[in-house]
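Colleague: Please take a close look at one helix residue for me and then work outward from there. I would like a connected account, with a word on how far the model can be trusted.

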Amino acid sequence: MLRAFASFAATIALTQMVHAADTGSEAVSSFELDNGMQVVVIEDHRAPVVQQMVWYRAGSADEPPGSSGVAHFLEHLLFKATDTMAAGEFSATVAANGGQDNAFTSYDYTAYFQRVAADRLNLMMQMEADRMVNLRLTEDVIAPERNVILEERNQRTGNNPRALFNEQMSAVQYYNSRYGSPVIGWRHEMEALELDDALGFYRTYYAPNNAILVVAGDVDPAAVRDMAQQTYGAIPANADLPPRERAQEPPQRAARRLTFSDARVAQPSVSRSYLAPERDSGAQDKAAALTLLAEILGGGTTSVLAEKLQFDETVAVYTGAFYNGTTLDDTSFDLVVIPAEGVSLEQAETALDKALADFIETGVDPEQLDRIKLQMRAAQIYARDNVNGLANRYGSALAVGLSIDDVQDWPDIVQAVTGEDIIAAARAVLRPEASVTGWLMREPEVSQ
Amino acid sequence: MKHLIAALCLTFLALPAWAEVEIDEITSPQGITAWLVEEHEIPFTALELRFRGGMSLDPADKRGAVYLMTGLLEEGAGDMDAREYARALESVAASVGYDANDDYVSISARFLTENRDEAVALLRQAIHDPRFDPQAIERVRAQVLSGLASDLKNPNAIASNTFSQMAFGDHPYGSDGKGSIESVGALTRDDLLAAHDAVFARDRLYVGAVGDIDAEELGKLVDDLLADLPATGAPMPPPAEVRIDGGTTVVEFDTPQSVAVFGQQGMARDDPDFFAAYILNQILGGGSFESRLMQEVREKRGLTYGVYTYLAPRDLAALYMGGVASANDRIAQAVTVIRDEWAKMAENGVTQDELDKAKTYLTGAYPLRFDGNAPIADIMVGMQMEGLPIDYIATRNDMINAVTLDEVNRVAAELLHPENLHFVVVGKPEGLQDAVTQ
């Protein structure tokens, strides 16, 4: 949920299938301040530029019931006044230093970042530390900013039937987990968000012992440590930070179905999701197998679903498989099929189920697995060209309880996955009785 | 606050050290020019190729041919069908992106040093010897048609296609280069071969490479890859006349939020006033939170999540464009505020303070663009297409800083024509005065 014109983190999660981290090649150091704030420094000296990110371990799934959207609303409000800065002065100061800034909210975290010439880092740290605890929200900024987030919801969701459908899919997938509510919030709850809701979330979660600082670019780790100690280090830890214990999803014991119709739908489609385990610190094997499973099933022209539904038969114009294991709680494994002209949703769904069953029966093509693993090794080289991507990788992982070691071990864990592991993961997750199936339609059709 | 002010004053004095992007122009043994930045830290190379003309080279009755042809380049080449080709590319862990727009077809590749020759050989086959197999044509055609069907129900696509049609009429810029459901449905394999001949030629080629490669290696690479292309391709289309006039057009569409695209005549990239216009745009609606439109429409009134403007100097015409989206009962107010700001800017121009801040932002943000091999390759090819000198990067900020307040305000008066600013609004807007419903 970026503050302006960019993709929605929760949507990105669906398209980012590959999380091949670098091992050894990137220069990463880390330390902790006395107040508990974790710091990661990623060096890249090719250009005199730095990105600062502060990640809070608080996202929409941490919101109090009935206040969906407050994490994201607060993210917007963090650009308003503090004790020493006027509303809007934060971004104005970044701009006046030739920098760019923004922020985003997801289910498990909220993050703020600036990209700026490396010699401006200290100022960025001063300002970011300032708004961690000195925000001074006033009633007059609440109403206009609430209208802004309502327009943001219109733009992302209200105007997009596929987004409305995906919101319903999540609501049906997650009966108990807060992942069932949209990051941006349900409209009726957003309309009721007030100053106190935002302040309550701020006072509970915005503290150095609930934050991760990631600095990436042309910096010296020792200098970063000094600056971080002087800025963030001066803020006391919040002794009342609540433990992060959230409602968990129970085992799914019955298949669930939904249909969604909207006259604005141009391309009907079938979506399928299954509850799936996420990456856990020290136990990432299952997530690694599911990451490869998503690639094997839906990673483009050479994938199993493309092969069976787009090449061998013309059932679909598009197939995809998505898994994002970088979450705090149980996540989902998702499949999408857009049927070819003249193919019904029912036929597409039947073909999808047959393809999955055949795949589990036949097993993994070892050559395909080798090619995917090779590409993931290459991705580690390409990733070094994008230091901001590396910053996101570390920040998001640490925000969901993984460690730096977990991030750095991940590529080797992925490489060690066997075809048998992947089939075992597929059998465990792709169970018809634990599935959610959704039809996105132009108009109500007589089904079955 | 005191400590922050002190820090600010200090930092204003020390402008960021310049990102050193050292570009070499090389000429291959067979006479192909390429721009190169050697960067040996990471063992891969980003290669950007562009062919001028793009989707505007379509014959009038073959709209969508270049787009579909471009989409088929990776769908089988030489003796490999689509799947065999894809597997071969995966086996060398290279990635290649193909894209087409109104002004060029681009090929963006990255490949590892360890198997560069194999990757380039595969790319060569895609460029020179694509198969255009009937099954592949039908598969990709179905994907394009699926996208076109979606565009017909997407308010953003409806707005921008409607605006283009009104601005450019029958010129290629006046219609969607992806074609229409009718035109794409009628394309034949021969049309795709003709589109291939039209696009891929040496007289319209631009090359940039960044990464783990030296001048000699790059010279050999571009010769292997490109020297056998024909000397000439299809003639370029004529310039387009911007025919849109003032007013508001409404396209009725049942959706909660109206989407508006607005614009007027713009400014060519080689106009001596381009930098003044560029700064002017930054202040009016250039996408940052500090722009007048963001302040007036979003920050003060909460009418939108985003409002922006941009100069669109394309090869054959220049527009000055913008966009906004607001709930159906609020879009009229957003349109009024934008029109007022447009007029105010034309009449009164900008302040010295706004100019100074815009310059600081633009000059400081410039180095942030050069943040990887692929983005740098992309920028270098853009520079070549725009006819900029090879040392442009080092001089660009000086040119921004040299623009005076008088220049910006003269350009504001000359460029901005509130009476010619046209809005296309898609949705069910309420209270738009004098709008023509289409």
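**From one alanine outward**

Modeller: The residue is B:A186, which belongs to helix α7 (residues 181–186) of chain B. The model is a predicted one. B:A186 counts as partly exposed because 14 C-beta neighbours fall inside 10 Å, whereas a buried residue would need 20 or more. B:A65 lies 121 residues away from B:A186 in sequence, but their C-alpha atoms are 9.9 Å apart in space.

Residue 65 leads on to helix α2 of chain B and its sheet. That sheet is open and has 6 strands, in the order β1-β2-β8-β3-β7-β6 (chain B), with mixed pairing. At its edges are β1 (24–27) and β6 (95–100) of chain B, and each has a single partner strand, so one side of each lacks a neighbour in the sheet. From one strand to the next, the twist averages 20 degrees. The partner of β6(B) is β7 (residues 104–112) of chain B; the two run antiparallel and are joined by 6 bridges. One residue pair can be named here: B:A100 has B:V105 in β7(B) as its bridge partner. Helix α2 (residues 65–72) of chain B packs on this sheet and touches β6 and β7 of chain B, with a direction at about 175 degrees to that of β6(B).

β7 of chain B also takes part in the contact between the chains. That contact involves 61 residues of chain B and 58 residues of chain A. On the chain B side, β7 is one of the elements that supply at least two residues each, along with α1 (2–13), α3 (82–91), α5 (134–151), α11 (292–299), β12 (318–327) and α13 (352–365). Sorted by class, this side of chain B has 29 nonpolar, 17 polar and 15 charged residues.

Two of these elements, β12 and α13 of chain B, come up again at helix α16. In α16 (residues 405–415) of chain B the buried residues are B:V408, B:N409, B:V411, B:A412 and B:L415. Their arc around the axis is only 160 degrees, so they sit on the same side of α16(B). The spacing fits a general rule: an α-helix has 3.6 residues a turn, so residues three or four places apart point the same way. The cover over these buried residues includes β12 and α13, together with α10 (274–285) and α12 (331–348) of chain B.

Chain A offers a sheet to set beside the one in chain B. It is open, with 5 strands in the order β7-β11-β8-β10-β9 (chain A) and mixed pairing. Its edge strands, β7 (256–261) and β9 (316–323) of chain A, each pair on one side only. The twist from one strand to the next averages 15 degrees. β9(A) runs antiparallel to β10 (residues 331–339) of chain A, with 7 bridges between them, and A:A321 stands opposite A:L335 in β10(A). Helix α10 (residues 285–298) of chain A lies across β8 (269–276), β9 and β10 of chain A, at about 175 degrees to β9(A). Helix α11 (residues 304–312) of chain A lies across β9 and β10, at about 165 degrees to β9(A).

As for trust, chain A has a mean pLDDT of 92, and 93% of its residues reach 70 or more. Residues 4–24 of chain A stay under 50, although the model gives them 50 contacts beyond four places in sequence. Where pLDDT is low, the predicted coordinates should not be read in detail.

Definitions and conventions: Residues numbered from 1 in each chain as written. Chains lettered and ligands numbered in written order. Predicted model: local features only at pLDDT ≥ 70, side-chain atom pairs only at ≥ 80, totals over all residues. Pairing = 2+ DSSP bridges. Helix = DSSP H or I, 4+ residues; strand = E, 2+ residues; numbered from the N terminus. Axes fitted to C-alpha atoms, helices over the stretch in contact; angles between N-to-C directions. Contact = placed C-beta atoms within 7 Å. Nonpolar A, V, L, I, M, F, W, Y, C, P; charged D, E, K, R; others polar. pLDDT = per-residue confidence, 0-100. Buried ≥ 20, exposed ≤ 12 C-beta atoms within 10 Å, placed from the backbone. Arc of directions from axis to C-beta.
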